Amino acid sequence: KIKNKQVSLSSSNKNYSDVLVSEEMDFTIWGVCTYVIHALSPINKENMNNNKVFALIDCNAFYVSCERVFNPKLNDRPVVALSNNDGCIIARSKEAKALGIKMGVPLFKVKDIIKREKVIVFSSNYTLYADMSRRVMNIISEFAPSIEIYSIDEAFIDLTGIKLNYEKYAKKLRETILKYTG
């Protein structure tokens, strides 16, 4: 919600209070991906206690990653997962992305690539993905005082006022998630 040049960030979870952000406020959002850790905006180290600090945790190719946990032979191979009706590709391994397979493309449009490159195709297994998501979110909640689950594979955490090395923190979180989820 935008009012008087302020943005209200609201959570659907009633345990978290709204945060008002205005033009005058500085806050930093950190991105944490499976293989890349980077700041989306620079951190003012002298003013860290006055800034809002959020981290975004986004699991990489989540549905494919879940399938690989229980079938390691899929590692380093092109893999895609399909939508509910098996109509469109909704998750791709980095190997499938390298073949030029786009997100959301109808399966019939890439049948030739799938066959030629021996891409492994899965129907969505939402029971598995929900269980793995619950495991990941539980681990994240052990690392942060406040978590806002955004989607099945994404969450924001509030690190405001916590003094730590963000890169080491992110690496430890990633290591822990991999250790306990596969």
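1. A residue is called buried when its relative accessible area is under 20%, exposed when that area is over 50%, and partly exposed in between. With these terms in hand, the note can turn to the structure itself, which is a predicted model.

2. As an overview for a reader new to this structure, the secondary structure of the protein chain comes to five helices and eleven strands. The chain has 182 residues, of which 39% count as buried, and it exposes about 11400 Å², with carbon and sulfur atoms supplying 53% of that area. When contacts between residues at least 6 apart in sequence are considered, 53% of them join residues at least 24 apart.

3. Among the strands, E10 (residues 147–151) and E11 (residues 154–158) deserve a look, since they pair in the antiparallel sense over four bridges. Two residues lie between E10 and E11, and the two strands form a hairpin. Within this pairing, Ile149 stands opposite Ala155, the latter belonging to E11. As a general point, side chains in a regular strand alternate between the two faces of the sheet.

4. Turning to the aromatic rings, a search of the whole structure finds six aromatic pairs. One of them is formed by Tyr63 and Tyr126, whose arrangement is edge-to-face, with 5.9 Å from centre to centre and 85 degrees between the planes. This pair links distant parts of the chain, for Tyr63 sits in helix H1 (residues 62–70) and Tyr126 in helix H4 (residues 126–143), 63 residues apart.

5. How do the two partners stand with respect to burial, and why is Tyr126 counted as partly exposed? Tyr63 has 15% relative accessibility and therefore counts as buried, because the cut-off for that class is under 20%. Tyr126 has 34% relative accessibility, so Tyr126 counts as partly exposed, because that class lies between the 20% and 50% cut-offs.

6. Tyr63 also pairs with Tyr129, and here the rings are stacked, with 4.1 Å from centre to centre and 10 degrees between the planes. This pair, too, links distant parts of the chain, with Tyr63 in helix H1 and Tyr129 in helix H4, 66 residues apart. Both of its members, Tyr63 and Tyr129, are buried.

7. Taken together, these rings belong to a cluster, in which ring pairs link Phe62, Tyr63, Tyr126 and Tyr129. A reader who wishes to inspect this part of the model may start from Tyr63, which forms an edge-to-face pair with Tyr126 and a stacked pair with Tyr129.

Conventions:
Residues numbered from 1 in each chain as written. Predicted model: local features only at pLDDT ≥ 70, side-chain atom pairs only at ≥ 80, totals over all residues. Heavy atoms only, no water. Buried < 20%, exposed > 50% of the residue type's maximum accessible area, 1.4 Å probe, protein only. Contact = heavy atoms within 4.5 Å. Areas by Shrake-Rupley, 256 points an atom, 1.4 Å probe, with all protein chains shown as cover. Pairing = 2+ DSSP bridges. Phe/Tyr/Trp six-rings, centres within 6.5 Å; stacked < 30°, edge-to-face > 60°.
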